[in-house]
Amino acid sequence: MFWSSISLSPTAIASPPFPLTELFFPPLSPTPTLTPATFKLRSSSTCCTKTDLTSQHEETPPNPYPKQDETPQAAAAAAAEEETFQVLTAIHTQYNDILIFDTPQSRMLLLDSTHNVHSVLQKGDEKWTGSYWDEFVSLPPIVPEGPIAIYGLGGGTAAHLMLDVWPSLQLEGWEIDEILIDKAREYFGLSNLEKCNDVGGQLQVHIDDAFSHEQHRPSGYAGIIIDLFSDGKVLSQLQEVEIWLELSDRLMPGGRLMVNCGGVSESSLDGKVQHPSIDDIWMQNTTIKALAEAFPGQVNWKRMPESQGQNYLALTGPLPDLTSWSAMVPSCLSEAVKQWKHCRPLH
């Protein structure tokens, strides 16, 4: 389920492409090192906009001696920024190639052959990811009271954040890969969310296809968060109007869909250079275009900043009052919600 691309140098992990089915990790000592330069955010010109840990180029080994114009203090600070990581598990399943690794600051879940980051669990006092998962936390104040579904649970990043901010929420997470859920329970604390907390909130996990017709809750969901990717791309079904109409039928009156729509879609460019206005750049994303066709006049969009991956997000229903919405969310999201815009009619 994610964000912009992060390049991992070949000194830190095997040179790509490396099939996880053939990667049996030796003892994790000595631990390889990652420098800050190893992780590089870059925008994507395709819908593959989750975090990519494939190598893009060879890195020059760090110079242990400071440049003449580099102070000893600056050299020491750069050395202090070096970061170690450990691979915790690597396994192939029917649905995924799963790789989980640790750094001192966070734990990350990588899936499929693209090695995209689908979940992040921060350590220490900082819980926010600086990516689209944070945006999902803004949904509860603008939907009716009731359960919220997460389609594409992954390691549970969105569920962790939402229950931290809104502890009384009833969440239902859907994930098709049972082994992935087992790993999320083991390494991402998912089992803690499945226990009813002091104010009655909890996460209920469903291991099944989110599109299954059997998954319709008779009373409907207050909101559905949709974060469904495969091989680095938004599921192809989400470019179909009929699917969105079916998903909308699972909402209670006043309910909303909030969707991670990935980046600029290759098919939307059609080999042509396009220069849409700032209010119409959402048309570069085929998922939002399908939503706009399914729900004319009832779709809103925003694009994450370059530093956070440039993913497009969509929200169904009338555009909320942004000032009121801003006042109801955590302070770190108050400006972010003001960036939502209404999708102008396609015709």
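This passage looks at one asparagine and at a handful of salt bridges in a predicted model.

Asparagine 300 makes a good starting point. It sits in strand 17, which runs over residues 299–303. None of its surface is left open to speak of: asparagine 300 has a relative accessible area of 0% and is buried. Its side chain still finds a polar partner, reaching the backbone oxygen of glycine 317 at 2.8 Å. Glycine 317 also turns up among the residues in contact with asparagine 300 once neighbours within four places in sequence are set aside. That list takes in Leu313, Ala314, Leu315, Thr316, Gly317, Pro318 and Leu319, along with Trp340, Lys341, His342 and Cys343. Arg256 is on the list too.

Turning to charged pairs, a search of the whole structure comes up with nine salt bridges. One of them joins arginine 107 to aspartate 102, with 2.9 Å between the closest N and O atoms. Both partners are tucked away from the surface: arginine 107 is buried at a relative accessible area of 19%, and aspartate 102 is buried at 11%. For arginine 107 the call rests on the cut-off, because buried means under 20% relative accessible area. The pair does not stand alone, as Asp102 and Arg107 are linked with Lys123 in a network of salt bridges.

A second salt bridge brings together the side chains of lysine 127 and aspartate 164, at 3.4 Å from N to O. Lysine 127 lies in the loop between strand 9 (116–122) and helix 2 (132–136), while aspartate 164 belongs to helix 3 (residues 157–165), so the bridge ties together parts that are 37 residues apart in sequence. Here the partners are partly exposed, with lysine 127 at a relative accessible area of 32% and aspartate 164 at 47%.

The salt bridge between arginine 185 and aspartate 182 is a local affair, with their side chains meeting at 3.7 Å, N to O. Both residues are in helix 4 (residues 178–187), and because they are three residues apart there, about one helical turn separates them. Arginine 185 counts as partly exposed at 30% relative accessibility, and aspartate 182 is likewise partly exposed, at 40%.

Put side by side, the pairs show two kinds of setting. Arginine 107 and aspartate 102 are buried, whereas lysine 127 and aspartate 164 are partly exposed, as are arginine 185 and aspartate 182.

Methods
Residues numbered from 1 in each chain as written. Predicted model: local features only at pLDDT ≥ 70, side-chain atom pairs only at ≥ 80, totals over all residues. Heavy atoms only, no water. Helix = DSSP H or I, 4+ residues; strand = E, 2+ residues; numbered from the N terminus. Buried < 20%, exposed > 50% of the residue type's maximum accessible area, 1.4 Å probe, protein only. Polar contact = N/O pair within 3.5 Å; in protein donor to acceptor, adjacent residues only side chain to side chain. Contact = heavy atoms within 4.5 Å. Salt bridge = Lys/Arg side-chain N within 4 Å of Asp/Glu carboxyl O.
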